[in-house]
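Student: Got a minute to go through a structure with me? I'd like to take it piece by piece.

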Amino acid sequence: MNSTHRHLDARSPLVLEVHELGRQAGRMKEIQRIVPAPADLAIDMIGVPEGSDVELDLRLESVVEGVLVTGTASVSLVGECARCLERLQDTGSYTIQELYFYPGREADDDASWVQNDQIDLDPALRDAVVLELPFTPLCREDCAGLCPLCGADLNQLPDHSHSDPIDPRWQQLADVAVSDDQ
Ligand SMILES: [Zn+2]
Ligand SMILES: [Zn+2]
């Protein structure tokens, strides 16, 4: 079994019917639909919560080789700020563009295919969203992060400083430094 002949799950909300296009180049179909997000639409620190709304705004167009899908997927994002570790929420809109070849056409190994007059949007959605997610998401552009000495959230304590070290080990080192100077 290779991906070309992978069985499509017709119950999946990301499997779309294309039989109306009838393999006639130039025919077009528009789909506006909200579907639940599949699992693992995420990277380490940010992603789309499973089951949350994915708003699809797609244009399916019959071309000579197959069905060309273009459009956008709008999603909710939940993650953790890479600097201050606070939970963050955001939205994103991602461009989908994928050609699904008709059976019998010549195509690369990793090509997508029309199967039984259906297409599976899942891999294209993954590529569109996951490849665009930031490796270091921030709660805001100028997030001040955490104090490297004590972990205090510097967004909430802009005047935070360590003129008075809180850790006694730091105090001992400071005392040593002072006595060395004498
Ligand atoms: Zn932050
Ligand atoms: Zn501190």
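Tutor: Sure, let's start with the overall fold and then move to the metal sites, a pocket and a few single residues.

Student: Before that, what kind of model is this, predicted or experimental?

Tutor: This is a predicted model.

Student: OK. How many helices and strands does the protein have?

Tutor: There are two helices and nine strands. Going from the N terminus, the order is β-β-β-β-β-β-β-β-β-α-α.

Student: And what share of the residues is buried?

Tutor: Of the 182 residues in the protein, 34% are buried. As for contacts between residues at least 6 apart in sequence, 57% join residues at least 24 apart.

Student: Now the metals. Which residues hold the zinc ion (ligand 1)?

Tutor: C81, C84, C139 and C143 do, each through SG, and the donors lie 2.3 Å from the zinc. Their spacing along the chain is C-x2-C-x54-C-x3-C.

Student: Why is the arrangement around the zinc ion (ligand 1) called tetrahedral?

Tutor: Because the angles among the four donor atoms are 106 to 114 degrees, and four donors count as tetrahedral if all angles lie between 85 and 135 degrees. For reference, the ideal angle for four tetrahedral donors is 109.5 degrees.

Student: Are C81 and C84 buried or exposed?

Tutor: Both C81 and C84 are buried.

Student: What coordinates the other one, the zinc ion (ligand 2)?

Tutor: That zinc has a mixed set: C147 and C150 bind through SG, H160 and H162 through NE2, at 2.0 to 2.2 Å. In sequence, the pattern reads C-x2-C-x9-H-x1-H. The site of ligand 2 is tetrahedral too, with angles of 100 to 120 degrees among its four donor atoms.

Student: Why does H160 count as partly exposed?

Tutor: Its relative accessibility is 27%, and partly exposed covers what lies between the 20% limit for buried and the 50% limit for exposed. H162 is partly exposed as well, at 22%.

Student: Switching to pockets. What lines the second largest pocket?

Tutor: The lining includes I46, L77, P134, T136, P137, L138 and E141, along with the run L88, Q89 and D90. C139 is on that list too, and C139 is also one of the donors of the zinc ion (ligand 1).

Student: How big is the second largest pocket, and which element gives the largest share of its lining?

Tutor: The volume is about 160 Å³. Strand β7 supplies the largest share of the lining, with three residues. By class, the lining has seven nonpolar, two polar and two charged residues.

Student: Since β7 came up, where does G92 sit?

Tutor: G92 is in β7, which spans residues 87-101. It counts as buried because its relative accessibility is 12%, with under 20% being the limit. Leaving out residues up to four places away in sequence, G92 touches A73, S74, V75 and L77. From G92 to S76 the C-alpha distance is 6.4 Å, although the two are 16 residues apart in sequence.

Student: Last topic, backbone oddities. What is the phi of R23?

Tutor: R23 has a positive phi of about 60 degrees, though it is not a glycine. Most residues other than glycine have a negative phi. R23 is in the loop between β1 (15-17) and β2 (28-36), and R23 is exposed, at 51% relative accessible area.

Student: And where is D40?

Tutor: D40 is in the loop between β2 and β3 (42-43). D40 also has a positive phi of about 60 degrees without being a glycine, and with 67% relative accessibility D40 is exposed.

How values were computed
Residues numbered from 1 in each chain as written. Chains lettered and ligands numbered in written order. Predicted model: local features only at pLDDT ≥ 70, side-chain atom pairs only at ≥ 80, totals over all residues. Heavy atoms only, no water. Donors = N, O, S within 2.8 Å, 3.2 Å for Na, K, Ca; no water. Tetrahedral: all angles 85-135°; square planar, octahedral: opposite > 155°, others 65-115°. Buried < 20%, exposed > 50% of the residue type's maximum accessible area, 1.4 Å probe, protein only. Helix = DSSP H or I, 4+ residues; strand = E, 2+ residues; numbered from the N terminus. Contact = heavy atoms within 4.5 Å. 1 Å grid on protein atoms, 1.4 Å probe; cavity = no way out; pocket = protein on both sides within 12 Å on 5 of 7 lines; lining within 4 Å. Points joined across faces, edges and corners; volume = space filled by probe spheres on them. Nonpolar A, V, L, I, M, F, W, Y, C, P; charged D, E, K, R; others polar.
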